[in-house]
Amino acid sequence: MNHTNVTHPRHVLLGAAVAAPLPVCDHYCGVESRMRKALALQAEMTEEFGTCVFDVTLDCEDGAPVGGEKDHAFMVSALVNQGLVATKNKAINGARRVAVRVHPVDHPAFEQDVQIVVGEAGAAWSHLMLPKVDGVADVDRAARVIDAALASSNRAQALPLHVLIESPLAVQQVAAIAAHPRVQSLSFGLMDFVSAHGGAIPASAMAVAEPGAQTTYDQFSHPLVVRAKLEVSAACHAFGKVPSHCVVTEFKRPDVVQAAALRASRELGYTRMWSIHPDQIRPILAAFTPAQSEVEQASHIICAAHAADWAPISVAGKLHDRASYRYYWQVLEKAYQTAQLDHQDPAFPYFVL
């Protein structure tokens, strides 16, 4: 099969607004011991799956003690640089994807965070997370400070920005934020969004209700929360950005985590989700992984379409054209991101060009 770039499915089917193929799980940690464990787990699971299946985000916002922001930022930079050196000595595909969350742009520690984590470790980061963004002006200001720090680092390419949508104002501005060229992904910040309503949304909306429980609104049923989640997801899909779903605090209940991840993916259109405990990573991966039967169907249709130069084809008595090809190609991308596309699959060569 000729998998040339000219006829590669990603170029033929997806157009200009293409979301980055990010791992489906973004794992957050703010304490040094948990950071080290998370980085070690990332390396272990990379070897297990053959590719990096989750990001690790080191937290300088909630993770830093008040008054200790500078020392915390230096610790984070030193830790990620140690990992970068270690990874260069290993021949593992996609062995590390490590990000950092800094303080909000209006926090006194913001510029200090950026100068340290970008200036000291610019080459190490997969992206930088900006919390509490309320509009495009916040992204523009952050980008200027980040780019100034990059100029003195050893990183040549721009640093992708991920943005946390955490307030009613941010939800109102979400389309403009998603359209910003430096933004790669938007995350919904559930806890801050609920608390920003001054008690108008109950605490139950920060949790996930037990299956079948007769209780007050949870994060998948409260109208204001669901509306905000949908606004974030829709804006991302409109502008080719990755929508990342919020946390589930029930971290000792893998069944609850997986059920929530399934709802985020299938009902709300999210393609990525936060983890705040190592036990949440595998349930999130499982929820965002396509069924094997769907992967096999997608592979068959895409390979047949490619052989037909992307003209309409009939498969099992059903007509397929570029509209359905686009869907099945995205199934294959998700299977690859979750390490569920077998190396012997005829579609696998599309991902090793």
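Which backbone nitrogen does the side chain of E166 reach, and at what distance? Select E166 and K132 to see the answer: the E166 side chain comes to 2.5 Å from the backbone nitrogen of K132. Keep in mind throughout that this is a predicted model.

**Stop 1: E166**

Stay on E166 and show its backbone. The residue is in the loop that runs between β5 (161-165) and α6 (168-172). E166 counts as buried because its relative accessibility is 6%, and the cut-off for buried is under 20%. Now display its surroundings. Setting aside residues up to four places away in sequence, E166 touches P131, K132, G189, D192, F193 and A196.

**Stop 2: D192**

Next select D192, which is one of those contacts of E166. D192 belongs to helix α8, residues 190-195. With a relative accessibility of 30%, D192 counts as partly exposed, whereas E166 is buried. Beyond its neighbours within four places in sequence, D192 is in contact with K132 and E166. K132 is therefore worth keeping on screen, since E166 touches K132 and D192 does too, with both residues classed by accessibility as buried for E166 and partly exposed for D192.

Colour E166 and D192 together. The UniProt record, an unreviewed entry, places the feature "binding site" at these two positions. They are spread over 27 residues of sequence, yet they cluster in space, with a largest C-alpha distance of 5.4 Å. If you display pockets, look at the second largest: its lining includes E166 and D192.

**Stop 3: the aromatic pairs**

Move on to the aromatic rings. How many aromatic pairs does the model hold? The count is eight. Select Y327 and Y328, which form an edge-to-face pair, 5.0 Å centre to centre with 85° between the planes. Y327 is partly exposed at 43% relative accessibility, while Y328 is buried at 12%.

Then select Y336 and F348. This pair is tilted, with centres 6.1 Å apart and 55° between the planes. Y336 lies in helix α13 (residues 322-337) and F348 in the segment after α13, so the pair ties together parts twelve residues apart in sequence. Y336 is partly exposed, at 23%, and F348 is buried, at 10%. Add W329, Y350 and F351 to the selection: with Y336 and F348 they form one aromatic cluster.

**Stop 4: K229 and F220**

Finish at K229. Its charged end sits over the ring of F220, 3.9 Å from the ring centre.

Technical notes
Residues are numbered from 1 along each chain as its sequence is written. This is a predicted model: local features need pLDDT of at least 70, side-chain atom pairs count only at pLDDT 80 or more; totals for chains, interfaces and linings use all residues. Side-chain values use heavy atoms; hydrogens and water are left out. UniProt positions are given in the numbering used here, feature names are shortened, and annotations may be inferred rather than shown by experiment. On a 1 Å grid over the protein atoms alone, a cavity is a set of points where a 1.4 Å probe fits but cannot get out, and a pocket is an open set with protein on both sides within 12 Å along at least five of seven lines; lining residues have an atom within 4 Å of a point. Helices (H or I, at least four residues) and strands (E, at least two) are DSSP runs, numbered from the N terminus. Buried means under 20% relative accessible area, exposed over 50%, partly exposed in between (1.4 Å probe, protein chains only). Contact means heavy atoms within 4.5 Å. A polar contact is a pair of N or O atoms within 3.5 Å; within protein, one must be able to donate a hydrogen and the other to accept it, and residues adjacent in sequence count only if both atoms are side-chain atoms. Rings of Phe, Tyr and Trp (its six-membered ring) pair if their centres lie within 6.5 Å; planes under 30 degrees apart count as stacked, over 60 as edge-to-face and the rest as tilted. A charge sits over a ring if NZ of Lys or CZ of Arg is within 6 Å of the ring centre and within 35 degrees of the ring normal.
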